Amino acid sequence: MARLTIFHDINRTHRSGRFEEEDISTIFGDVRLNLVRKPAEYGEHTMRVLTVFGDVQLRLSEDVGLKIDGFALFGDVEVEKISSNDRASGGADYISENYDTAPIRLNLNVTTIFGDLEIIRLPIASEGPALYEGQTTRLPGEVD
């Protein structure tokens with residue numbers, strides 16, 4: 001289901017096998033979406049994010065291949081890997097190292113105007129993507 005906020009914040013946990021059901025649009029509001037609690041279906045997924053004067057934070061498993069294609073005007077797109085403490089920013093385009101080989105791939109279409117998109121890549125258990133439900137830890141100051 002698509003999410004739209006105007007002068008309002010959303011904190012959600014993904015509960016579907018398809019990321020397409022989590023499209024986000026925010027105007028003067030912030031969105032925090034956890035995409036690691038429910039295992040995603042294998043294959044290709046496409047998700048859209050639009051933010052105007054608002055920030056979006058997505059939590060995504062490191063085993064998911066990520067490709068960001070977007071546009072940023074007075075906003076930032078940042079990808080952070082918790083396991084290695086790596087950060088990538090400097091434009092709205094990004095492709096993860098595992099994109100071509102990942103069993104789950106997310107194509108993220110981003111438009112941000114006076115807002116930021118932060119993607120936090122969380123480590124998973126080595127057994128595979130079906131076992132990462134509930135294996136995440138809270139970041140300092142984070143509320144679910």
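Me: Where is Phe28 placed in this chain?

Reply: In this predicted model, Phe28 sits in the loop between β3 (24-27) and β4 (31-34).

Me: Why is Phe28 called partly exposed?

Reply: Its relative accessibility is 41%. Buried would need a value under 20%, and exposed one over 50%. Phe28, at 41%, falls in between, so it counts as partly exposed.

Me: What makes the phi of Phe28 worth a look?

Reply: Phi of Phe28 is near 55°, a positive value in a residue other than glycine. Most residues other than glycine have a negative phi.

Me: Which loop holds Phe7, and what is the phi of Phe7?

Reply: Phe7 belongs to the loop between β1 and β2 (10-13). Its phi is near 55°, again a positive value in a residue other than glycine.

Me: How do you know that Phe7 is exposed?

Reply: Phe7 has a relative accessible area of 63%. The cut-off for exposed is over 50%, so Phe7 earns the word with its 63%.

Me: What makes up the nonpolar surface patch?

Reply: Phe7 and Phe28 both belong to it, together with Leu4, Ile6, Phe53, Phe71, Leu73, Phe74 and Phe114. The patch covers about 980 Å². Two elements, β1 (3-6) and β7 (65-73), give two or more residues to it. To join a patch, a residue must have over 30% relative accessible area; Phe28 has 41% and Phe7 has 63%, so both pass that step.

Me: Let's go to His45. Why is it called buried?

Reply: His45 is found in strand β5, and its relative accessible area is 0%. Buried means under 20%, so His45 fits the term.

Me: What lies around His45?

Reply: Leaving aside neighbours within four places in sequence, His45 is in contact with Gly17, Arg18, Phe19, Glu20, Ala40, Ile104, Arg105, Leu106 and Asn107.

Me: How do you know that the side chain of His45 makes a polar contact with Phe19?

Reply: The side chain of His45 reaches the backbone nitrogen of Phe19 at 3.3 Å. A polar contact asks for N or O atoms within 3.5 Å, so this distance meets the limit.

Me: How do you know that β5 and β11 pair, and in which sense?

Reply: Strand β5 (residues 43-52) and strand β11 (residues 104-113) are joined over 10 bridges, in the parallel sense. Pairing needs at least two bridges, so the 10 found here are enough. Along this pair, Gly43 stands opposite Ile104, and Glu44 stands opposite Arg105.

Me: Which sense does the pairing of β7 and β11 have?

Reply: β7 and β11 pair in the parallel sense too, over nine bridges. Here Lys67 stands opposite Asn107 in β11.

Me: What makes β1 and β10 edge strands?

Reply: Six strands form an open sheet in the order β1-β3-β5-β11-β7-β10, with mixed pairing. Each of β1 and β10 (94-95) pairs on one side only, as an edge strand does.

Me: How many helices and strands does the whole chain have?

Reply: The protein chain has zero helices and 12 strands.

Me: How much of the chain is buried, and how much of its contacts link distant positions?

Reply: Buried residues make up 44% of the 144 residues. Among contacts with a separation of 6 or more, residues 24 or more positions apart account for 70%.

Me: What is the accessible surface of the chain?

Reply: It comes to about 7,500 Å², and 51% of that belongs to carbon and sulfur atoms.

Definitions and conventions. Residues are numbered from 1 along each chain as its sequence is written. This is a predicted model: local features need pLDDT of at least 70, side-chain atom pairs count only at pLDDT 80 or more; totals for chains, interfaces and linings use all residues. Side-chain values use heavy atoms; hydrogens and water are left out. Patches are made of residues with over 30% relative accessible area and no salt bridge: like charges are joined within 9 Å, nonpolar side chains (Val, Leu, Ile, Met, Phe, Trp, Tyr) within 5 Å. Accessible areas come from the Shrake-Rupley method with a 1.4 Å probe; for residues, only the protein chains shown count as cover. A salt bridge is a side-chain nitrogen of Lys or Arg within 4 Å of a carboxyl oxygen of Asp or Glu. Helices (H or I, at least four residues) and strands (E, at least two) are DSSP runs, numbered from the N terminus. Buried means under 20% relative accessible area, exposed over 50%, partly exposed in between (1.4 Å probe, protein chains only). A polar contact is a pair of N or O atoms within 3.5 Å; within protein, one must be able to donate a hydrogen and the other to accept it, and residues adjacent in sequence count only if both atoms are side-chain atoms. Contact means heavy atoms within 4.5 Å.
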